[in-house]
Every structure is written in C-alpha cells, then in structure tokens.
Amino acid sequence: MWSLGRPDAPSDDPVLIVDDRVSAGTDEVLAAGVSLGMPRREAEALAPFASVLIRDQGEESRRFDPVVEMIEDLIPRVEVVGPGLVFVPVAGAVHFYGGEEALAERVAKELDRLVGQARGGNALIGVADGPFAARWAAATAEVGRPLVVTDTIGFLSRLDLVALRESLDADELIDTFRWLGVSTLGELARLPRDALATRFGNHGLMAHRLASGEDRYVDPREIPPDHAVDASFEEPLETLDAVAFAARALAERMLRGLRVSGAAPHRVSILAESTTGEPRERIWRSADPFTEKALSDRVWWQLRAWVESGGVPGGITRLRISPADLSDEGRQLGLLQDESSRIESERALARAQTLLGPDGVLQGRAQGGRMPQERVAWSRWGEPPVDQERNVSAPWPGATPSPSPALVPPRLQPLEVEWEGGMPTRVRLGTRWEPVLTWSGPWRLTGRWWVGEQDADRYQLVTSAGAFLCVVTGGRAFLAGVYD
Amino acid sequence: MGIEDVVLDPPLLDLENRDEGFLRLRPGWITELVGVPGTGLTRLGLRLLADLSQVSPVVALDTRCWISPQAAWETGVNPENLVIVRCDEPGVWPKVAAALLEGVRALYAEVPAGIKDQDLRRLAALARARKVAVAMRPMGMGLPAGVSHLRLRALGVTWEGADQGHGRLGKRRLVLEASGKGASGMTRRFEVEDEGSDVVRVVSDVVVGETRRAVG
C-alpha cells in the first residue's frame, strides 16, 4: 500500500479527499471522527475545518506508476488493484531473494529510495497467504517495517468485520452479522458455511471464505513486450547523411523485432535527443501498417526537419522509435482503387505535413449550412474527420445556391460597395472601383438572434473583374466568396 | 470586351473531342492556367482533378488559403480523395510542391509570385519523371517558357442568370485559348459552359483577336 500525496493540497491545512465517499484524509481530519469510506456529506459535517479536494484517480494512477514499475523490476508479475494498492505473488521471488522477510525488506528499501526521490508517500508492506490477508497485513504494518504473517488464519480471526467492507461492498450484511453478535472474522469463520450460504447467499459464502483464509489467486497484469528501439551516438550526428543512415537502420531494427510477433505499427513515436539533452518527440500515424520504407522515410523526414530547423542543437546523440497501435491485419484493397498510388500519396502528404505543420494539410467534409463558410467541416489530413456541426441532409432553406464560389475566405472580409437607391453600383477591388454590371439578391439571412447574430442580406455581384458573393449586415458589406 | 465580340469559326473535324482533351490532365504534363482572378480558372483547375480523383488522392495546393472544396465537389471531384494543402509562404512553396510531386498522381497548384524560374523548371522535370498530372495557376507572371505542355488562357467570361436583382448566377461561359505543345503548336480557342454541376460542355471553336479582361 502506498499513500499518495496531492501537490495541490494546502501545505498546513487539514485536507479531506473525496469523491462520493471519503477516500483519504490528514490525521487531523481522521481524529475528528472521519473514517475512510464515510459519505462525503457526513465527513464534511464532522470536519468543517478541512479543505476538501475532489479525488482524481487519473492523476493518482500517474503518480503511482513509478511505484508499480519499481516493484515490477524486482518481482515481474504485479496485480494493480488501484492507485496505491498492488498485490504481488511472491512464491518464486521468495526463493530468489532468500525468504519472505528478505524480500519484503528489499521492496521496502527500494520504496524508501523512491521516497528519497521526492515521489511522496510511504509504503506499507504485508506478506500473507492470499490478497485479502496481505492487504490487511499491510494495513496493520508500520511504515518501513513490513509485516510478514506466518499464521494467516490466526491473523484474520482477530480482524474486525469491517475488513470485509472493501472486498464485499455489503454494508448491510456486516451490520446483520453484528446484530447477530458476530464481530470478528474469527467468529464468522466458526459459523457453519452451509447455513451462511443458505441465509445470505453468495455474499455470505464469500464472507465466510475470506474469513477462513480461502482467498483467490493474484491476477497479475501482463507485461507488454517492449518493441521500442533506441541508439546512442558518442559522436553526435550532425550531417544529414549520417542521420539518414541511422534512421533507416533503426526503423529496420524495430520492424524486424515486430515481425517476430506478427505485428505492424500504425503509429510510431520518434524521439531524438540533442547534445544538450533536450528531447524532441513527434508521433506519426498511418492508416496502413508502416512498411520499412515508409517508416524509414518518416523517420528521415522528421530528423531532417529537426536538423535543418536547428531543433537539435549540436547534433543528435540519441534516437528512439517506439511503436503503438499494433495490428496483425492487412487492409482490404478496393477493386477499382489504385492502392499503390494511395500509399505513395499518403507518403507525399505526410512529407508536406512535416514542412507545413499539421494544419497545412486538410480535408473537407460536407456539412449543412446556408453560407459557403459553414458548409465545409475541415479536419487535418490523417486524423479522424471532425463531427459535422450541422446536418448536411437537412433542407437548409435559404442556403446560397450553386454554383458555389471557388474561393471562400475563412472569415467575412470587409468590402466597399457603393449603393444607389438600394442597388449596388460600384465595388472597390484593391485600389480601383469596378462598376457592377448586374447582380442578384438580396436574399435575406435571418441570424440567430439568441446568440447575438444579426440579420444579413446576400448579393451576387457581377463586375468586369469577376463575380462575388457579398453579405450586407449592420450597414456594412463583406466579401463572402469569389466565383473564380 | 466580352465574348459577344468573339467570332465563331466553322467547326473543324473532330474538334469537339480534341477540345475536351484540353480539359483533361495527362500524366507527366503540366497544364498552365493563365488569367486574371475572377475568370473561373480556380474552378476549372479543380475540375481538371475530377477524373483522377475517382481512383486516387488528388491535391490542390492553395497559396491564398481560400480554395473551397465545395466548388471542387460540384465539379465532380471525389470528396474522399481531395486534399487541400495550404502554403502561403513562397519560400517553402517549392519544397512543398516537390514533396507532393513525389507521390500524388494529380496536382492543382497555385504558383505564388516570386518563385524562381529555376525552381519551376526543376518541378516540371520532377513532374515529368514521376508522371504526375499537374495544373499550375501562376498568381504573378506566367510560367517560364518550356515548362508547360499546354497553356490555357482565359479570354473572357460571362455569367447568365442574374439580372438587376432578379434570378441568380447560373451558367458561366468561359472562352479559353489553348496553345503550346499540347495543342500541337497551334493556338486553338474554345468556349466552355459551366452550370455548376460536374458537366462541363465544350461549346464551339471560337476565335478572338486579343487578350482581354473578364467581363460580365
């Protein structure tokens, strides 16, 4: 067990951490009568002086991860119950480290070292037969002094029934046991199991098993194989030739490793460190699994971009490529599609994206709307399309008719138009005025007044320099499109 | 001056097919679209991508960041296969264009003013080597001699449908002049009708005397 600090907690004030119920509290709060698992409202009433923080399990998991990794370095298979609590099967490790106490001491020592690195938190370590007994052994241990339980049934028999609450989540059952005069796990274990199963069903049976020391096995998490490859260079890579060679070699090494397990990546992370030790990282994606050439190209493009832009001052000292989104599936090729062209195009577009940034390569998708600006939902190429804000199949009465303007500014541009008797006569284009030869409109566009939009009129203006879509609102004219 | 002043010549043998051929991009060829803004060349350039977009991705290289894919979709470009690349920095433009020519099969590229002739010649060589079908729309001066195989110059455009407040813009008639190697060294003039759909009709062989501005 590992207590997790909250960096955002006030340093001197008592703190209560809650979601629906109390999940943690400082000593002052617990002294006021608050207990873990107590409903939040009740705890706040008992400790009104405490600062209340909302529990953030994601952040807790992130902070707990170094602890899990440290334990996995010592004992390879770990079951993470939640942030702050892990179970570890030690049968094999006990022989390796020379006994349960030696193992527990070693784990405690490593955890102390972690505390020394200001990770925060103090470890409680318990060793017993089964996760349930080990959890309560840890709960009754002292910081830095692991508790190794040799008589698990005897240890359990002295525990209060409240120990079952976490495992069974059956408060009513525990209250019923107390009402029947059963207050410890030992007393519960002495009751006939058949009778408990008949009277209390599955929960009663589980409670009796736990009280009797009959526990489940630890279910450790799988350790994912590490397919990342990296290379360090004593002489920093400064020339593009050297970078290209390293990129190709590293990409091939990673894919060779993946082929053994029949996998191919759809996403790779490329990390380079400069002589200053500053890392640069970029993630590349591909709809098709990366081939050696495709991956080599991308690594090369990325490194070249960094080298040419001075992003890795002094040259590259370390390179790392790690795969993600692995798949063992090919892609169904369309009968009438030119898939080789598609793959080459994607490579070219990815290269353009490197030069221009992700917002430089875009794809549009039709969506509903009355103005040309509204009718295209833009998304970055290579990323999932954004959701339509407006339904494209809705009727959209009053929409600007086709043909659509081929040039549409992202925002309306101010346009100087001269009017005579409500009719447009001249348009200012740059430094010159062009007479309006003919026009159509106005077409009314009713704005959404509830969000502050004004009504507008649309005109199609034809001049000797082309045709324009013009919007007039609030007495001012704007350019909405050019029929180029 | 408008295309009302254009004199229609008697149609030549197989003229229609040949003129329609001017409106198709060919692998390894560069088609140059020349004309002042407003003559409808953006729409025409996007329309040239339509055929190839049915089988593979096509790209519009947009230097003004104003190109609307909706106009391209209306001309028959497959929405799934149209990618817009926005590049408003002339310094990067040659690199981006070269990167695209390395992989795509069809490209409509606006060429910003100030691009060196040397860069444009290199890009043309790359397009030939990679068999990319390219339409280029110079924003400043035209392309240097020898770069394009076919030069389509907009001579005039008229709109039908709008009339002093009534109706709406409907049909556009665009007169083009084709020249260069792709036109067998002859200067041909023809008229294109565009009604906002993906059907573009080549109407007739026409002759005009000189380059003019677009008119309404």
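**Hairpin and sheet, chain A**

I began with the hairpin of chain A in which two residues link β18(A) to β19(A). Strands here are DSSP runs of E of at least two residues, helices are runs of H or I of at least four residues, and both are numbered from the N terminus. I looked up the extents: β18 covers residues 456-463 of chain A and β19 covers residues 466-473 of chain A, and they pair in the antiparallel sense over seven bridges. Two strands count as paired if DSSP finds at least two bridges between them. Within this pair I noted A:Gln460 opposite A:Leu469, and A:Tyr459 with A:Cys470 as its bridge partner.

The model is a predicted one: local features need pLDDT of at least 70, side-chain atom pairs count only at pLDDT 80 or more, and totals for chains, interfaces and linings use all residues. Residues are numbered from 1 along each chain as its sequence is written, while chains are lettered from A and ligands numbered from 1 in the order in which they are written.

I then checked β17(A), which is joined to β18(A) by seven bridges and runs antiparallel to it. A:Arg444 stands opposite A:Asp457 of β18(A). The wider sheet is open and has seven strands, in the order β14-β20-β19-β18-β17-β16-β15 of chain A, with antiparallel pairing. Its edge strands are β14 and β15 (417-420) of chain A, each paired on one side only.

Is β18(A) enclosed, and why? Seven of its eight residues are buried, so β18(A) is largely enclosed by the rest of the structure. Buried means 20 or more other C-beta atoms within 10 Å of a residue's own, exposed means 12 or fewer, and partly exposed lies in between, with C-beta atoms placed from the backbone.

**Cis peptide bonds, chain A**

I looked for cis peptide bonds next. The bond from A:Gly441 to A:Pro442 is cis, with omega near 5 degrees, and A:Pro442 sits in β17(A), residues 432-445. The bond from A:Ser402 to A:Pro403 is also cis, with omega near 0 degrees. A:Pro403 is in the loop between β13 (376-380) and β14 (413-414) of chain A.

**Positive phi, chain B**

Most residues other than glycine have a negative phi, and most peptide bonds are trans. In chain B I noted B:Cys65, whose phi is positive, near 60 degrees. B:Cys65 lies in the loop between β3 (58-62) and α4 of chain B, and it counts as partly exposed because it has 14 C-beta neighbours inside 10 Å. B:Gln164 has a positive phi near 45 degrees. B:Gln164 lies in the loop between β8 and β9 of chain B and is exposed, with 11 other C-beta atoms within 10 Å.

**Contact between the chains**

How many residues does each chain give to the contact? Chain B gives 50 residues and chain A gives 50 residues; two residues are in contact if their C-beta atoms, placed from the backbone, lie within 7 Å. On the side of chain B that touches chain A, the elements that each supply at least two residues include α2 (41-47), α4 (69-74), β4 (82-86) and α5 (93-101). The largest share, five residues, comes from α4(B). I recorded the classes for this side as 26 nonpolar, 14 polar and ten charged residues. Ala, Val, Leu, Ile, Met, Phe, Trp, Tyr, Cys and Pro count as nonpolar, Asp, Glu, Lys and Arg as charged, and the others, Gly among them, as polar.

Strand pairing also crosses between the chains: β12 (residues 361-366) of chain A and β4(B) pair antiparallel over two bridges. A:Leu362 stands opposite B:Ile84 there.

**Nonpolar cores**

A nonpolar core is a set of buried Ala, Val, Leu, Ile, Met, Phe, Trp, Tyr and Cys residues joined through C-beta atoms within 7 Å. The largest has 93 residues, and those touching the most other members include A:Cys470, B:Val85 and B:Leu107. This core draws at least three residues from each of domain 5 (361-396) and domain 6 (413-482) of chain A, with bounds taken from an automatic or database domain assignment. I listed the contacts of B:Leu107, not counting residues up to four places away in sequence; among them are B:Val59, B:Leu61 and B:Val132. A second, separate core has 40 residues, including A:Phe87 and A:Phe132.

**Totals**

Chain A has 14 helices and 20 strands, and 33% of its 484 residues are buried. Chain B has six helices and twelve strands, and 50% of its 216 residues count as buried.
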